[in-house]
Amino acid sequence: MAASVRDNKDRSRFELDVGDELAFANYRLTPSAVIVTHTETPRALRGRGIASELVKGALDLIRRDGKKVIAGCGFVVDYLDKHPEDTDLVA
């Protein structure tokens, strides 16, 4: 996919453009961690790995910023269970 995940700080969410659609993951900040509270993928894009790509990109941005992640969303919990390479980010 050509687009990359970006941090929309004004809206407190990570975003991924997919064609004319937008997938996003809302978050709240603590001093040392990012709490991902909700992920949303447009219905037409579900089942194509878009949400996983979004979460992976968000985790990369969180890692780059030197923070930890708190999974406040079931999808993020499941993603981290399936990707032990990212468990070092879990607060």
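Is Tyr27 buried or exposed? Select Tyr27 in this predicted model. Its relative accessibility is 6%, and because buried means under 20% relative accessible area, Tyr27 counts as buried.

**The aromatic pair**

Keep Tyr27 selected and add Phe14. A search of the whole structure finds one aromatic pair. Its rings belong to Phe14 and Tyr27; their centres are 4.8 Å apart and their planes stand at 40 degrees, so the pair is classed as tilted. Phe14 belongs to strand E2 (residues 13-18) and Tyr27 to strand E3 (residues 21-29), and the pair links parts of the chain that are distant, 13 residues apart. Phe14 is also buried, with a relative accessible area of 3%.

**Arg13 and Phe24**

Next, display the side chains of Arg13 and Phe24. Arg13 lies over the face of the Phe24 ring, at 4.4 Å from the ring centre.

**Ser12**

Move to Ser12, which is in the loop between strand E1 (6-8) and E2. The backbone is the item to inspect here: phi of Ser12 is near 55 degrees, a positive value in a residue other than glycine. As background, most residues other than glycine have a negative phi. Ser12 is partly exposed, with 30% relative accessible area.

**The largest pocket**

Now select Thr39, Glu40, Thr41, Leu45, Arg46, Gly47, Arg48, Gly49, Ile50, Ala51, Ser52 and Phe75, which line the largest pocket. Two elements give two or more residues to this lining, strand E4 (33-40) and helix H1 (50-64). H1 gives the most to the lining, with three residues. The volume of the largest pocket is about 150 Å³. When the lining is coloured by class, four residues are nonpolar, five are polar and three are charged.

**The largest cavity**

For the enclosed space, select Ala25, Val36, Thr39, Val55, Ala58, Leu59, Ile62, Val69 and Val76, the lining of the largest cavity. How many cavities of 30 Å³ or more does a search of the whole structure find? The search finds one. The space in the largest cavity comes to about 30 Å³. E4 and H1 each supply at least two of the lining residues, and the largest share, four residues, comes from H1. By class, the lining of this cavity has eight nonpolar residues, one polar residue and no charged residues. Thr39 deserves its own selection, as it appears both in the lining of the largest pocket and in that of the largest cavity.

**Helix H2**

Finally, select helix H2 (residues 74-82) and colour it by accessibility; Val76, Tyr79 and Leu80 are buried. Which arrangement do these buried residues show when H2 is seen down its axis? They fall within an arc of 95 degrees, so they line one face of the helix. The general background is that an α-helix has 3.6 residues a turn, so residues three or four places apart point the same way. Rotate to the other side of H2, where Asp81 and Lys82 are exposed. One of the buried residues, Val76, has already been selected in the lining of the largest cavity.

Asp78 is also found in H2. With a relative accessible area of 41%, Asp78 is partly exposed. To close the tour, draw a distance from the C-alpha atom of Asp78 to that of Glu53: the two atoms are separated by 13 Å, and the residues are 25 apart along the chain.

Key:
Residues are numbered from 1 along each chain as its sequence is written. This is a predicted model: local features need pLDDT of at least 70, side-chain atom pairs count only at pLDDT 80 or more; totals for chains, interfaces and linings use all residues. Side-chain values use heavy atoms; hydrogens and water are left out. On a 1 Å grid over the protein atoms alone, a cavity is a set of points where a 1.4 Å probe fits but cannot get out, and a pocket is an open set with protein on both sides within 12 Å along at least five of seven lines; lining residues have an atom within 4 Å of a point. Grid points are joined across faces, edges and corners, and a volume is the space filled by probe spheres set on the points. Ala, Val, Leu, Ile, Met, Phe, Trp, Tyr, Cys and Pro count as nonpolar, Asp, Glu, Lys and Arg as charged, and the others, Gly among them, as polar. Rings of Phe, Tyr and Trp (its six-membered ring) pair if their centres lie within 6.5 Å; planes under 30 degrees apart count as stacked, over 60 as edge-to-face and the rest as tilted. Buried means under 20% relative accessible area, exposed over 50%, partly exposed in between (1.4 Å probe, protein chains only). A charge sits over a ring if NZ of Lys or CZ of Arg is within 6 Å of the ring centre and within 35 degrees of the ring normal. The arc is that of the directions from the helix axis to the C-beta atoms.
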